[in-house]
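Trainee: Please take a close look at one part of this model for me. I would like to hear about the ligand sites and what surrounds them.

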Amino acid sequence: MSRNVIEPGRHVRVDVPASSANLGPGFDSLGLGIEIRDVVEASVEGDRLIIEVEGAGAGEVPLDDRHLVHRSMLALWERLEVEPPAGLKLLCRNEIPHSRGLGSSASAIVAGVAAACALVRGELDDDSITLVNDVASALEGHPDNASASVYGGFTSSWFDEQDQAWRTARPGLHPDVDVAVFVPGFTLSTDKARAALPAQVTLADAARNAGRAALLVHALTTDPGRLLPATADWLHQENRRPAYPASMALVDSLRGHGHAAFISGAGPTVLVLGVGESLRDLSAPNDDWILLRPGIATHGVRVVSHNSR
Ligand SMILES: Nc1ncnc2c1ncn2[C@@H]1O[C@H](COP(=O)(O)OP(=O)(O)OP(=O)(O)O)[C@@H](O)[C@H]1O
Ligand SMILES: N[C@@H](CCO)C(=O)O
């Protein structure tokens, strides 16, 4: 059976936000878009793959067919039964720091899947965004980071057994909620952080986490005054403490002072959720940390420009 092709000359530019996963108790399901963006430009041209990277990851990530953005584009074209073009140029301008717990790998995957979809379809309608979310979440292996980068805002995601697809709900954020982000100079790979987790947890810990995850939806949508108890977790952070002791020390200190602090994703970045006033007095504990106030990304991945029909 012949597959669809993408004509030479097609071009697309997308931008994609960073994300924070887990938000304390919502392990592998809850996420928040963070307003730090990578930009990917993709052009169908020439007869080989050319990849240029500026910013985060430059000189570190592979510039051949192992590149995460490119691999993600192939996955989308496979799903749509589209023949990958012989020549493709990718320009990646990266602001999201790698291996810090701000979802850089999920953002790269979402950017690649969205760019590949836009090269075929042009603007991404709701069905296309649903497809991007499913393909990107499957590639990442869990949906929390990917869905927050796809949709922005606050996301709650799950695998739908009937549809055999990743799905996402987007509870409306309370307008006063803001975020402070403590980014350390050191890194931790998600693979290493996941290896620190036990295969089983107690029923008591699972029940406590479920209760706080439910409370977090209430706190983020309706009652931010509940954010401190709503961000408590018993599933992943303590088990990973030896992998990021300085991050846990910062979380302990901030929570001791009443701030809703937790490890962002697999760490080692620390996030604080709160309403404006409560975040204003925060400062970096020492020179190992940078304190950012990037804001919550209200939009997810965007097709900034394209020339597809
Ligand atoms: N923009 C990118 N382009 C290419 N590869 C990337 C990009 N961003 C991340 N990666 C790859 O993903 C790795 C980082 O993934 P990892 O899951 O360990 O961290 P993270 O996604 O930044 O954090 P977390 O998933 O905990 O939020 C990088 O070392 C690199 O190999
Ligand atoms: N839920 C994931 C996020 C990191 O990608 C974890 O904590 O391992």
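Mentor: Ligand 1 lies between two domains, because domain 1 (11–172 + 297–306) and domain 2 (177–292) both give residues to its shell. The domain bounds come from an automatic or database domain assignment. This is a predicted model: local features need pLDDT of at least 70, side-chain atom pairs count only at pLDDT 80 or more, and totals for chains, interfaces and linings use all residues. Residues are numbered from 1 along each chain as its sequence is written, chains are lettered from A and ligands numbered from 1 in the order written, and side-chain values use heavy atoms, without hydrogens and water.

Start with ligand 1. It is surrounded by 18 residues, each with a heavy atom within 4 Å. Ser-99, Gly-103, Ser-104, Ser-105 and Thr-190 are the closest. Polar contacts are pairs of N or O atoms within 3.5 Å. The side chain of His-98 has an N or O atom 3.1 Å from a ligand 1 nitrogen. A backbone N or O atom of Ser-99 is 2.9 Å from a ligand 1 oxygen. For Ala-266, a backbone N or O atom is 3.4 Å from an oxygen of ligand 1.

Now ligand 2. Its surrounding residues include Thr-190 and Ala-266. The side chain of Asp-144 brings an N or O atom 2.6 Å from a ligand 2 nitrogen. Side-chain N or O atoms also approach ligand 2 oxygens: Asn-145 at 3.0 Å and Arg-194 at 2.6 Å. Domain 1 and domain 2 each supply at least three residues of the ligand 2 shell.

How values were computed. Polar contact = N/O pair within 3.5 Å; in protein donor to acceptor, adjacent residues only side chain to side chain.
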